[in-house]
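The exercises below ask you to read a protein chain step by step, moving from single residues to helices and sheets. Keep the sequence and the structure open beside you while you work through each solution.

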Amino acid sequence: MSETVHIHRRLVRVAALLVSGALTAVIAVPAAAAEEAVEAPVEFVDVDRSPEFTDEIAWMGETGISLGYATTAGREYRPFGRVTRDAMAAFLYRYAGSPEFEAPSEPTFSDVTPETSDFYVQIEWAAAQGIAGGWSDGTFKPTRAITRDAMASFLYRFEGGSAPSGEQVYVDSDESPEHADAIEWLATQGISQGWVNWRGRVYKPLQTITRDAMAAFLYRLEHGAEPVTAHAPVLAPRATVWVTASTLHLRAQPTWNSAVVVSARRNASGTFDGAREHGWQRVEMGGVKGWAPSEYLRTTEPSFTVTRVGIKVDELWFRDGPSNNDTVLMKIRRGERGEFTGVIRGDWWQVRFRDRLAWAPAMHMNVVRPFDAAAVLRTAHSQVGYRAVSYNDNKFNDWAGGRNPWCMVFVMWVFDKSGFKQGVPFELLYSDWAREALASGIVDRTVTAADLKPGHVVLVDWPPYTGPTHAGIVDRVVGSNVILVEGNTSDGTGDPTRGVFVRERRIVDMYGVFNPDEFARVNGY
């Protein structure tokens with residue numbers, strides 16, 4: 001279609017409005033009076049930032065519907081910016097050919113005046129045509145981002161559309177009852193494709209609109225497009241769905257004020273039972289059926305890290321339901337790890353231990369954080385070169401609240417700051433610290449080079465080998481020696497000042513080594 005035909009379509013539309021009396025031909029107040037004077041065509045320097053809508057954005061500048069923003073590099077369209085309500089009025093005013101219009105001396109909206117709005121004339125024009133309305137408090141909210149349902153009504157009224165009589169195209173159009181006819185009309189005009197997901201074709205009426213999408217809508221309105229048709233749902237009953245919200249409460253009925261029957265964390269899975277109602281789906285999780293908004297569910301399995309759990313108490317009964325009255329399935333002792341499914345009922349979690357699903361009180365569960373040896377070593381090395389103020393007077397003892405030999409205090413500090421404090425004992429005396437480590441049963445006493453992994457913790461025993469008296473964090477192995485990051489040590493140059501330094505030690509002097517992840521496990525993490 002040629003540009004001449006485009007202009008003709010807009011003139012016909014304006015003429016129809018004049019004949020109907022909707023427009024008043026009087027002395028004009030120009031559309032861009034409050035804007036920088038820019039004449040079409042406008043060429044945008046950032047048109048390629050939205051490859052999908054390059055032609056549509058360029059057309060907005062060529063026709064003068066959008067004037068963009070002035071920058072030192074040229075005029076920008078800013079395709080990913082949000083369309084505000086005042087900009088929407090300006091787009092339609094220019095699209096209509098910037099008709100002559102005398103704005104009223106008394107503003108229609110309390111928050112849109114000639115002094116406060118660059119688009120006073122355009123907003124008043126849109127209000128006079130019945131295209132744009134405001135709120136019951138008398139405001140227009142000009143700088144608020146326009147939602148997709150409101151945009152549909154602006155175009156619907158602008159074109160004088162009529163309610164479609166065919167099948168519902170967008171499965172969620174009735175989620176915005178006030179604008180449902182306008183949304184469905186968009187489909188008949190091919191203006192919005194929407195999205196296709198497991199529910200079918202969706203419009204997402206309450207989302208705001210980016211400027212590149214707005215260009216596409218107006219371009220299709222002008223040039224015409226094939227009508228959009230409904231899309232069959234792709235989700236069959238008994239299909240698995242996953243939660244996308246951080247926490248999702250499934251409810252007894254498909255309404256927000258209905259009682260919560262079960263809760264689920266992000267990536268928890270459930271089973272769709274085939275029931276749908278007004279954008280809600282009924283899903284079974286943890287043996288309970290509840291309703292959830294479909295926008296918080298997905299049908300493709302997400303990529304995520306399983307949340308591991310341990311138990312805080314010595315032993316715990318796991319049951320087939322979320323109460324102490326439900327049948328006991330198994331007894332788990334501290335030191336075993338399972339997986340949290342993400343499903344919650346009251347104060348109980350659904351978990352998987354020994355490949356069996358069961359329920360346990362959340363108060364007795366620990367979430368297991370992954371051991372990150374690299375993070376431990378980064379934290380340890382960040383302190384290398386620190387020197388104590390005086391004997392046992394240092395920031396690590398200040399942190400722990402003690403004034404004792406502090407090699408193990410440095411280790412404790414490093415693991416705490418690395419987010420894995422459960423990986424080492426916490427004791428202010430070295431003898432107590434070493435005793436707790438050894439009592440855990442996970443210290444390897446036959447230390448070889450292969451046992452010394454980065455981030456693991458060693459107990460050091462100097463000749464004449466009467467027992468461990470020092471601690472450090474393994475950095476790497478070099479031949480028959482191990483490189484440690486140590487606290488409460490000298491720098492090896494003869495300077496007696498104690499501090500944090502990297503030292504090379506003989507493997508034969510290693511009394512034992514332990515994996516912090518194993519120490520956490522046996523203690524319920």
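Two strands are said to pair if DSSP finds at least two bridges between them. The model used throughout is a predicted one.

**Exercise 1. Find which strands pair with strand E5, and name a residue pair for each pairing.**

Step 1. Strand E5, which covers residues 240-243, pairs with strand E8, residues 269-277, in the antiparallel sense, and 3 bridges connect them. Within this pairing, Thr240 has Thr271 of E8 as its bridge partner.

Step 2. E5 is also joined to strand E11, residues 297-298, by 2 bridges, and these two strands run antiparallel. Because a pairing requires at least two bridges, the 2 bridges between E5 and E11 satisfy the requirement. Here Trp242 stands opposite Arg298 in E11.

**Exercise 2. Describe the sheet that contains strand E19, and say which helices pack on it.**

Step 1. Begin with the general idea that strands of a sheet pair through backbone hydrogen bonds, either parallel or antiparallel. In this sheet 5 strands are arranged in the order E22-E21-E20-E19-E23, the sheet is open, and the pairing is antiparallel.

Step 2. The edges are formed by strand E22 (499-506) and strand E23 (510-514), each of which pairs on one side only. On average, and with direction ignored, neighbouring strands of the sheet are turned by 35° against each other.

Step 3. Look now at one pairing in detail: strand E19, residues 457-460, pairs with E23 over 4 bridges in the antiparallel sense, and Leu459 has Gly512 in E23 as its bridge partner.

Step 4. Helix H10, residues 407-417, packs on the sheet and touches E19, strand E20 (470-478), strand E21 (481-489) and E22, while its direction makes about 65° with that of E20. Helix H11, residues 430-439, packs on the sheet as well, touching E19, E20 and E23, and the direction of H11 makes about 120° with that of E19.

**Exercise 3. Check whether the length of helix H5 agrees or disagrees with the expected span, and decide how far the helix is enclosed.**

Step 1. Helix H5 runs over residues 148-159 and has 12 residues, so at 1.5 Å a residue it should span 16 Å. The expected span is 1.5 Å times one less than the number of residues. The end C-alpha atoms of H5 are 17 Å apart, which agrees with the expectation.

Step 2. A residue counts as buried when its relative accessible area is under 20%. In H5, 10 of the 12 residues are buried, and the helix is therefore largely enclosed by the rest of the structure. Among these buried residues are Met151, Phe154, Leu155 and Phe158.

Step 3. Following the chain beyond the helix, one comes to Gly160, whose phi is positive, near 65°.

**Exercise 4. Determine what the buried residues of helix H4 pack against, and follow Ala126 as an example.**

Step 1. Helix H4, residues 120-128, is mostly covered, since 7 of its 9 residues are buried. The buried residues include Tyr120, Ile123, Trp125 and Ala126.

Step 2. The buried residues of H4 pack against helix H3 (85-95) and H5. Ala126, which is placed in H4, has a relative accessible area of 1% and is buried. Not counting residues up to four places away in sequence, Ala126 touches Ala89, Ile131 and Ala132. Although Ala126 and Phe158 are 32 residues apart along the chain, their C-alpha atoms are separated by 8.6 Å.

Step 3. H4 is followed by Gly130, which has a positive phi, near 75°.

**Exercise 5. Is Thr139 buried or exposed, and which residues does it contact?**

Step 1. Thr139 is placed in the loop between H4 and H5. With a relative accessible area of 12%, Thr139 is buried.

Step 2. The side chains of Thr139 and Asp137 are joined by a polar contact of 2.6 Å. Once neighbours within four places in sequence are left aside, Thr139 is in contact with Phe109, Ser110, Asp111 and Gly134.

Definitions and conventions. Residues numbered from 1 in each chain as written. Predicted model: local features only at pLDDT ≥ 70, side-chain atom pairs only at ≥ 80, totals over all residues. Heavy atoms only, no water. Buried < 20%, exposed > 50% of the residue type's maximum accessible area, 1.4 Å probe, protein only. Contact = heavy atoms within 4.5 Å. Axes fitted to C-alpha atoms, helices over the stretch in contact; angles between N-to-C directions. Polar contact = N/O pair within 3.5 Å; in protein donor to acceptor, adjacent residues only side chain to side chain.
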